[in-house]
Amino acid sequence: MRFNRYVSIGEPVATAGGYDTGIIKAAEKNDRIIAVLEDMGFPSISWFQENAPDRIVECGVAEANAAVVAAGLAVEGFVPFIYSFAFASVGRAYNQIRQSITVDRFNVKIMGRAGALGPYGISHNWVEDIAATRVLPNMIVINPADIVEAEKALIAAADYIGPVFIRLEAGFFSPPPLRIFTEDYPFELGKAFVVKDGKDATIIATGYMLTEAIKAAEVLEAEGI
């Protein structure tokens, strides 16, 4: 297949590495970034422990409280990043996110691992996260498609002034996406990117589903579409 510029399809690789490098680059650039934990660790937590231990706030299994704590930190000029499973970071704190963060457009970033988590059960197998966050006032929703976009999206979220929800792949039991973009891919908030031009059909995808869309395009192309 012939792809557009900034696309170079590689082997599947988890997006987690992109979040790890992205949060380090963002935190090195901005010393106001705070890691808000919900008993779930944090991307590159070892970097914070070694380099910025005073920028870690552990709220435990109290997600609603973490949302309010993050709102308070944002009021004081910090840039808090909340991290947990999406069913917890969003689902358990939905009212607090709406009332204490998004209505007043406070500068809080929420990272949520979403999707199928297998034996963790119905509580953790949460696919409503995009539907829930996209209707919140002032909320930006980002769903990175590969490891390159994950890093760039996290840095863009840190630079953006206002609430952001970043959807992380579930990991564990979910297949990793293809490596899709080149390192110089110009990620831009709110702007779609055309991976491949065509004339017979249009496929629109987000997040991991871009991998499936590329596979579908290969099947269609083999059929002359």
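**Exercise 1. The overall build**

What radius of gyration does the chain have, and what value would a compact globule with 225 residues have?

*Solution.* Keep in mind that this is a predicted model.

Step 1. Begin with the expected value: for 225 residues, a compact globule would have a radius of gyration near 17 Å.

Step 2. Set the model beside this value. The chain has 18 Å, which agrees with the globule rule.

Step 3. Add the dimensions. The C-alpha trace spans about 55 × 35 × 30 Å along its principal axes.

Step 4. Look at what fills this frame. The chain has eight helices and eight strands, and buried residues make up 45% of the 225 residues.

Step 5. Check how the chain meets itself. Among contacts with a separation of 6 or more, 75% are between residues 24 or more positions apart.

**Exercise 2. Two neighbours in a loop**

Find Asn107 and Val108 in the structure, decide whether each is buried or exposed, and list their partners.

*Solution.* Step 1. Locate the pair. Asn107 lies in the loop between α5 (94-102) and β5 (109-114), and Val108 is in the loop between α5 and β5 too.

Step 2. Apply the cut-off for buried, which is under 20% relative accessible area. Asn107 has 11% relative accessibility, so it counts as buried. Val108 has 0%, so it counts as buried as well.

Step 3. Follow the polar side chain of Asn107. This side chain makes a polar contact with the side chain of Lys109, at 2.5 Å. A polar atom of the Asn107 side chain also lies 3.0 Å from the backbone nitrogen of Gly162.

Step 4. Widen the view to residues beyond four places in sequence. Asn107 is then in contact with Ala74, Phe78, Val79, Pro80, Tyr160, Ile161 and Gly162.

Step 5. Do likewise for Val108. Leaving out neighbours within four places, its contacts are Ala70, Ala71, Ala74, Pro80, Ile82, Ile101, Gly162, Pro163 and Val164. Ala74, Pro80 and Gly162 appear in the contact lists of both Asn107 and Val108.

Step 6. Finish with a distance you can check on screen. Val108 and Ile161 are 53 residues apart along the chain, and their C-alpha atoms are separated by 8.5 Å.

**Exercise 3. A threonine in a helix**

Which backbone nitrogen lies 2.9 Å from a polar atom of the Thr211 side chain?

*Solution.* Step 1. Place the residue: Thr211 lies in helix α8.

Step 2. Judge its surroundings. Thr211 counts as buried because its relative accessibility is 1%.

Step 3. Name the polar partner. The nitrogen in question belongs to the backbone of Leu178.

Step 4. List the touching residues. Not counting residues up to four places away in sequence, Thr211 touches Pro177, Leu178 and Ile180.

**Exercise 4. The enclosed space**

How many cavities of 30 Å³ or more does a search of the whole structure find? Describe the lining of the largest cavity.

*Solution.* Step 1. Count: the search finds one.

Step 2. Size it. The volume of the largest cavity is about 40 Å³.

Step 3. Walk around the wall. The lining residues are Ala26, Lys29, Asn30, Ile33, Ile155, Ala158 and Asp159.

Step 4. Assign them to elements. α1 (16-29) and α7 (147-159) each supply at least two lining residues, and α7 gives the most, with three.

Step 5. Sort by class: four residues are nonpolar, one is polar and two are charged.

**Exercise 5. The open spaces**

Describe the largest and the second largest pocket by volume, central residues and lining.

*Solution.* Step 1. Take the largest pocket, which holds about 1,300 Å³ of space. It is lined by 43 residues, and those closest to its centre are Phe193, Ile203, Ile204, Ala205 and Leu210.

Step 2. Find the contributing elements. β6 (140-142) and α8 (209-222) each supply at least two lining residues; α8 has the largest share, six residues.

Step 3. Classify the lining of the largest pocket: 27 nonpolar, seven polar and nine charged residues.

Step 4. Turn to the second largest pocket, with about 270 Å³ of space. Of its 20 lining residues, Ala114, Arg167, Glu169, Ala170 and Tyr208 are the closest to its centre.

Step 5. Complete the description. Strand β7 (residues 164-169) gives the most to this second lining, with three residues. By class, the second largest pocket is lined by twelve nonpolar, six polar and two charged residues.

Definitions and conventions: Residues are numbered from 1 along each chain as its sequence is written. This is a predicted model: local features need pLDDT of at least 70, side-chain atom pairs count only at pLDDT 80 or more; totals for chains, interfaces and linings use all residues. Side-chain values use heavy atoms; hydrogens and water are left out. On a 1 Å grid over the protein atoms alone, a cavity is a set of points where a 1.4 Å probe fits but cannot get out, and a pocket is an open set with protein on both sides within 12 Å along at least five of seven lines; lining residues have an atom within 4 Å of a point. Grid points are joined across faces, edges and corners, and a volume is the space filled by probe spheres set on the points. Helices (H or I, at least four residues) and strands (E, at least two) are DSSP runs, numbered from the N terminus. Ala, Val, Leu, Ile, Met, Phe, Trp, Tyr, Cys and Pro count as nonpolar, Asp, Glu, Lys and Arg as charged, and the others, Gly among them, as polar. Buried means under 20% relative accessible area, exposed over 50%, partly exposed in between (1.4 Å probe, protein chains only). A polar contact is a pair of N or O atoms within 3.5 Å; within protein, one must be able to donate a hydrogen and the other to accept it, and residues adjacent in sequence count only if both atoms are side-chain atoms. Contact means heavy atoms within 4.5 Å. The radius of gyration is taken over C-alpha atoms; the globule rule is 2.2 Å times the number of residues to the power 0.38.
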